[in-house]
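Q: I would like a close look at a single part of this structure, taken slowly and with the residues named. Please start with one helix and its contacts, and then work outward to what surrounds it.

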Amino acid sequence: ILPTDGRRYVKSVRSAYDLIFVNLSDPSTAMLNRYYTVEFFAEVSRALKPEGIFVFSLTGSQVYLGAELAEYVASIYYSLMSVFPHVLVCPEEQSFFYATHVAGVLSDDPDVLIQRRSKYDQPTDIVSSVIYRSYVLPERFELLKKRLEGLNHIPPNRDLHPTSFLHYTTFTEKLSNFRLSHWLPRRA
């Protein structure tokens, strides 16, 4: 555990990590938003080993993305895609984003995941690799991917242009029916 600002620390590291997992909440403030920008993703990329994986989670949905949630997720998805060529989003209530530079490292195929995980299964495990059969449903991944592909016009989330922060605010405003969106631009 390093008692320092995560963003500052990641800037100073080069090719050191196999995995970087950012465990923060959604970009509900400008301070949190800086961990979901193109600039931060580029800093994370430099801190990873060539086959390293970057992971974080955000509010999502298993089966349906309304307009506000879809635009919010897309603003981060395309920001991540601008840095990492291989991105996988696991569609759940808390969607996990996985990113890497190497093809074949990530998979949404349950058979591949079972094969990879089964070598670590122990007879005493409560949950074995077969859990992927019910957890990873390729149709849901494809549905999410198609939904996001239709939103490639959303500007990326940048340090000096916090589109994800604005989209998240619009999304939460919709949930609370606060009507703040009357004062926010529709397209950030």
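Which residues in α4 meet which residues in α7?

A: In this predicted model, the α4 side of that contact consists of Ala-67, Ala-70, Val-73, Ala-74, Tyr-77 and Tyr-78, and these meet Arg-147, Leu-148 and Glu-149 in α7. Two packed helices are described by the angle between their axes and the distance between the axes. For α4 and helix α7, which covers residues 138–149, the axes come within 9 Å and cross at roughly 85°, and that makes α4 roughly perpendicular to α7. Sorted by class, the residues of the contact of α4 with α7 divide into seven nonpolar, no polar and two charged.

Helix α4, residues 67–81, also packs with helix α8, residues 163–176, and here the angle is about 160° with the axes 8 Å apart. Since angles over 145 degrees count as roughly antiparallel, α4 is roughly antiparallel to α8. The crossing of α4 and α8 is left-handed. From α4, the contact draws on Glu-68, Leu-69, Glu-71, Tyr-72, Ser-75 and Ile-76, while α8 supplies Thr-163, Ser-164, His-167, Tyr-168, Thr-170, Phe-171 and Lys-174. By class, the contact of α4 with α8 has five nonpolar, five polar and three charged residues.

One of these α8 residues, Ser-164, also leads to another part of the chain: Ala-30 and Ser-164 are 134 residues apart in sequence, yet their C-alpha atoms are 9.7 Å apart in space. Ala-30 has its place in helix α2, and with a relative accessibility of 53% it counts as exposed.

Further along α4 is Ser-79, which counts as buried at 0% relative accessibility. Leaving aside residues up to four places away in sequence, Ser-79 touches Tyr-36, Val-38, Phe-41, Pro-156 and Asn-157. Two of these neighbours, Val-38 and Phe-41, are among the buried residues of α3, and that helix deserves its own description.

Seven of the ten residues of α3 are buried, so the helix is largely enclosed by the rest of the structure. The buried residues are Val-38, Phe-40, Phe-41, Glu-43, Val-44, Ser-45 and Ala-47, and they pack against α1, β1, β2 and α4. A glutamate, Glu-43, is thus listed among the buried residues of α3.

The surroundings of Ser-79 also lead to the aromatic residues, through its contacts with Tyr-36 and Phe-41. A search of the whole structure finds 14 aromatic pairs. In one of them, Tyr-36 and Phe-56 have ring centres 5.5 Å apart and planes at 70°, so the pair is edge-to-face. Because Tyr-36 lies in the loop between α2 (30–33) and α3 (38–47), and Phe-56 in strand β2 (residues 48–59), this pair ties together parts that are 20 residues apart in sequence. Both Tyr-36 and Phe-56 are buried. Phe-56 also pairs with Phe-54: their ring centres are 5.2 Å apart and their planes lie at 50°, so this pair is tilted. Phe-54 counts as buried at 0% relative accessibility, and Phe-56 likewise counts as buried, at 1%. Ring pairs link Tyr-35, Tyr-36, Phe-40, Phe-41, Phe-54, Phe-56, Phe-84 and Phe-97 into a cluster, and two members of that cluster, Tyr-36 and Phe-41, are touched by Ser-79.

Two loop residues complete the picture. Glu-93 lies in the loop between β3 (86–90) and β4 (94–100) and is exposed, with a relative accessible area of 51%. Not counting residues up to four places away in sequence, Glu-93 touches Leu-58, Thr-59, Gly-60, Ser-61 and Gln-62. The C-alpha atoms of Glu-93 and Leu-58 are 8.5 Å apart, although the two residues are 35 residues apart in sequence.

The other loop residue, Ser-15, lies between α1 (6–12) and β1 (17–22). Most residues other than glycine have a negative phi. Ser-15, however, has a positive phi of about 45° although it is not a glycine, and at 47% relative accessibility Ser-15 counts as partly exposed.

Note on methods
Residues are numbered from 1 along each chain as its sequence is written. This is a predicted model: local features need pLDDT of at least 70, side-chain atom pairs count only at pLDDT 80 or more; totals for chains, interfaces and linings use all residues. Side-chain values use heavy atoms; hydrogens and water are left out. Rings of Phe, Tyr and Trp (its six-membered ring) pair if their centres lie within 6.5 Å; planes under 30 degrees apart count as stacked, over 60 as edge-to-face and the rest as tilted. Helices (H or I, at least four residues) and strands (E, at least two) are DSSP runs, numbered from the N terminus. Buried means under 20% relative accessible area, exposed over 50%, partly exposed in between (1.4 Å probe, protein chains only). Axes are lines fitted to C-alpha atoms, for helices over the stretch in contact, and angles run from 0 to 180 degrees between N-to-C directions. Angles under 35 degrees count as roughly parallel, over 145 as roughly antiparallel, 65 to 115 as roughly perpendicular and the rest as oblique. A crossing is left-handed if the near helix is turned anticlockwise from the far one by less than a right angle, and right-handed if clockwise. Contact means heavy atoms within 4.5 Å. Ala, Val, Leu, Ile, Met, Phe, Trp, Tyr, Cys and Pro count as nonpolar, Asp, Glu, Lys and Arg as charged, and the others, Gly among them, as polar.
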